[in-house]
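Got your viewer open and ready? Let's take a walk through this protein, one selection at a time.

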Amino acid sequence: MRYDETFLSIPNVIRLAARRHADRTALVDGEHRWTYRELEQRTIEAVRAAIALGIRPGDRVGLCAPNSAEWILAALGVQGAGGIVVPLNTRFKAQELAYILRTSGASAVFAADFLGNDYIAQLRAADPQLPALRRTVSVRGARGGAGLTWAEFLKGAEGVSAEAAHAGVDALTPEHVSDVMFTSGTTGHPKGVVLTHGQSLRAYGWMSEEYTFTAGDTFLVIPPFFHCFGYKAGWLASYLHGVTVVPMPVFDAGTALEVISRERVSILLGPPTIFHDLLHHPDRAAYDLSSLRVSMTGGTTIPQSLIHAMKSDLTFDIVLSAYGLTESSALVTTTRVGDPPELVARTTGRVIPDVAIRIADDDGRELPAGVPGEILVRGYNVTRGYWEDPAATAAAIDADGWLHTGDVGQVDAAGNLAIVDRRKEMFIVGGFNAYPAEIEQLLLGYGPVAQVAVIGVPDERMGEVGCAFVVPEPGTDLTAKEVVAWAREHMANFKVPRHVRFADALPRNASQKVLKDELRTRFTAGG
């Protein structure tokens, strides 16, 4: 189903789907199963509860929880009340979460007790005066530091009519902001990407049809909902077509194989790590995987051998690749059904309809096919800017509307885009973007570290991981184990360097910029 104006907003998709697919299963979460009719009822209940909580049009609301029914309903409830969702990375530490909540001006936060983390209690300890802590809801798990449990939040719906909730959804248009998704930049400070209902619906309405999503499919959504990969290419794309969504809070290959077999999963998108682990699981042959039909993988270079194995051993009919960044609604180019495996492995495909790309040199001049340069993007999918950061917006989007991605790529004669370098220094750990400048800034908060430079290095399972070159403070007896242990306490796991090298000094050029190519050479040489 391609985008049309009747979609209007993300919550309205649920109402339309309930009319078209009333008795189909919409959501499976553990032992709980809901039809599309029931999902609409729960969505309206969540909108009523959000209004009762005091969420008003334009309010930003943080959401920090694993993939779950509650995440979906919390987001739909906030949006239906006119609010703006601020998805929060569950791998972030309290200081990182507090920065995003304060920067976005969030006036409430929904969070789970997840993997031993009571996020609300941790936020209260880290930043007691944080405005978002005035209204808190424990999405799943114990109350912890939260003001309301999920059940108490929903009970608030009793004080708001269903008519008021529907009116809230009716008031939304494609131009209203649906979410502010924070992405770390090369400056080391996360920036809030502003996206609208219409941008997401148009992009993923097209993508899901191109990828042949259809009523009767079942999608095991493994990429996290705080990322467009799990949220928009996941449950939102599914609900445009009557697909059953099965959220997976934590990836485990054995559990995933069991769910695929039991639920007859047909759609599975994710980074190469997921498929590598499924293929190499010792019990894979014991499960019936014949339902698998559609896949898209991306995030790092994809070996052609992996694509062949996904088709032969995991039984996928369709394996695709794509390219995007949060600032472009996470979708710019994609391969198409029928493209040969070598093209899927070598490129990220052609640009999506109604969007344009250019390959430009440092002066902004367009380069011919086969010549690498910076990827520029223009179209409806490009963010209107960074949240309350006009300087950063102007630096990223020029006067002609071209988004300067910082990624280096080249196109072939047929228009297929190949990524040559990922945002110059950024590297991707199991599908998560890791930015050296941000990790370096965090590591410099560790007293014994005088100077540090971080690079991405190859890793067989994760694609890439970080390597930190550390210059210790004089007189300190610092070990790699201590650096890694400190990092695990102070940053998200995917940012933690897996390798640490010590140096007396970092190699620099005449402008004092660290020569990271030399560090890559040192790493390769074992230095």
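Start by selecting Asp354. With a relative accessibility of 57%, Asp354 counts as exposed, because the cut-off for that word is over 50%. Keep in mind as you click around that this is a predicted model.

Now add Arg202 to your selection. Is Asp354's partner joined to it by a salt bridge, and at what distance do N and O sit? The side chains of Arg202 and Asp354 do meet in a salt bridge, at 3.1 Å from N to O. Asp354 belongs to the loop between strand E19 (350-351) and strand E20 (355-360), while Arg202 is in helix H8 (residues 197-210), so this pair ties together parts 152 residues apart in sequence. Arg202 itself is partly exposed, at 29% relative accessible area.Next stop: Arg346 and Asp412. These two form a salt bridge as well, with their closest N and O atoms 3.7 Å apart. Look for Arg346 in helix H13 (residues 341-346) and for Asp412 in the loop between strand E22 (403-411) and strand E23 (417-421); the pair therefore ties together parts that are 66 residues apart in sequence. Asp412 is partly exposed, with a relative accessible area of 22%.

Now select Glu96 and Lys495. Their salt bridge has its closest N and O atoms 2.6 Å apart. This pair links distant parts of the chain, 399 residues apart: Glu96 is in helix H4 (residues 94-104), and Lys495 is in the loop between helix H16 (480-490) and strand E28 (499-502). Are these two residues buried or exposed? Check the relative accessible areas: Glu96 is buried at 10%, and Lys495 is buried at 2%.

For a group selection, pick Arg33, Glu258, Arg262 and Glu263. Here salt bridges link the four residues into a network. Across the whole structure, a search finds 28 salt bridges, so there are others to hunt for if you like, because any Lys or Arg side-chain nitrogen within 4 Å of an Asp or Glu carboxyl oxygen counts.

Last, select residues 69-80, which make up helix H3. How far does H3 reach from its first C-alpha to its last? Its 12 residues reach 16 Å, close to the 16 Å expected at 1.5 Å a residue. Color the helix by burial and you'll find that 12 of its 12 residues are buried, so H3 is largely enclosed by the rest of the structure. Among the buried residues are Trp71, Leu73 and Gln79. Step just past the helix to finish: H3 is followed by Gly82, which has a positive phi, near 95 degrees.

Key. Residues are numbered from 1 along each chain as its sequence is written. This is a predicted model: local features need pLDDT of at least 70, side-chain atom pairs count only at pLDDT 80 or more; totals for chains, interfaces and linings use all residues. Side-chain values use heavy atoms; hydrogens and water are left out. Helices (H or I, at least four residues) and strands (E, at least two) are DSSP runs, numbered from the N terminus. Buried means under 20% relative accessible area, exposed over 50%, partly exposed in between (1.4 Å probe, protein chains only). The expected span of a helix is 1.5 Å times one less than its number of residues.
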